[in-house]
Amino acid sequence: MPTLLAKGPQPLQGGHLRYTQRSVQPARLHLIVLDTSGSMRQRGRLALAKGHATWLIEQAARAGDSVAMLSFGGQGVELRLPPGRARASCREKVRALGGGGGTPLAHALAQADKVLRRAERRDGPAESWLWLLTDGRTLEQPAAPEAPRHVVIIDFDEAARAIGRCAAWAQRWGAEHRLASRPA
């Protein structure tokens, strides 16, 4: 429209051209790392965590971001959703998850670093977010993930009998700590 206004009734010339700068948002990749261990199955924690994961996927889809999801529990660490555009259909992958067994958290975080690095090599730099959804009920003391730019730990531990591991990890890692009972 600015070009047409500058041109008026005259024939189009180079001096009439007007350019509009468009801001380009950096690409964002949200990697959801979901604890499906046996302790998460107690008192509806896994169902609540799956609801949070679904909400994160929906928010990423609305923003036009990419999403990936790893689950970890008694079945080991599994890439449930490879990095790609977030879509509402991704929610079905979350609903189908079961739970049980141990908590291979350190292995899950190592896999998360690999997924994020691979995505960056393939797609170029992105603002990477790692969302760890867990109750912290493991004896492992994992090192901070290295690849993500932002780490958010959503704590599903019981408030009445909390052991506080998620808060301690967040403090040690320089990550954000959120309680699952509060809005994300």
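In what order do the 6 strands of the open sheet lie? In this predicted model, the order is β3-β2-β1-β4-β5-β6, and the pairing within the sheet is mixed. The edges are formed by β3, residues 76-85, and β6, residues 176-179, each of which pairs on one side only, while the twist from one strand to the next averages 15°.

At the β6 edge, strand β5, which covers residues 150-155, runs parallel to β6 and is joined to it by 4 bridges. Within this part of the sheet, Asp 155 stands opposite Leu 179 of β6.

Two helices can be placed against this framework. Helix α3, residues 45-63, packs on the sheet and touches β1 (28-35), β2 (66-73), β3, β4 (127-134) and β5, with a direction that makes about 170° with that of β1. Helix α6, residues 165-173, lies across β4, β5 and β6, and runs at about 170° to β5.

From the sheet and its helices we can turn to the empty space. Rolling a probe the size of a water molecule over the atoms shows where such space is left. The largest pocket has a volume of about 310 Å³, and its lining consists of 23 residues, among which Ala 27, Arg 28, Leu 29, Ser 66 and Ala 126 lie nearest the centre. The elements that contribute two or more residues to this lining are β1, β3 and α5 (105-123), and the largest share, 6 residues, comes from α5. In chemical character, the lining of the largest pocket divides into 10 nonpolar, 6 polar and 7 charged residues.

Technical notes:
Residues numbered from 1 in each chain as written. Predicted model: local features only at pLDDT ≥ 70, side-chain atom pairs only at ≥ 80, totals over all residues. Heavy atoms only, no water. Pairing = 2+ DSSP bridges. Axes fitted to C-alpha atoms, helices over the stretch in contact; angles between N-to-C directions. Contact = heavy atoms within 4.5 Å. 1 Å grid on protein atoms, 1.4 Å probe; cavity = no way out; pocket = protein on both sides within 12 Å on 5 of 7 lines; lining within 4 Å. Points joined across faces, edges and corners; volume = space filled by probe spheres on them. Nonpolar A, V, L, I, M, F, W, Y, C, P; charged D, E, K, R; others polar.
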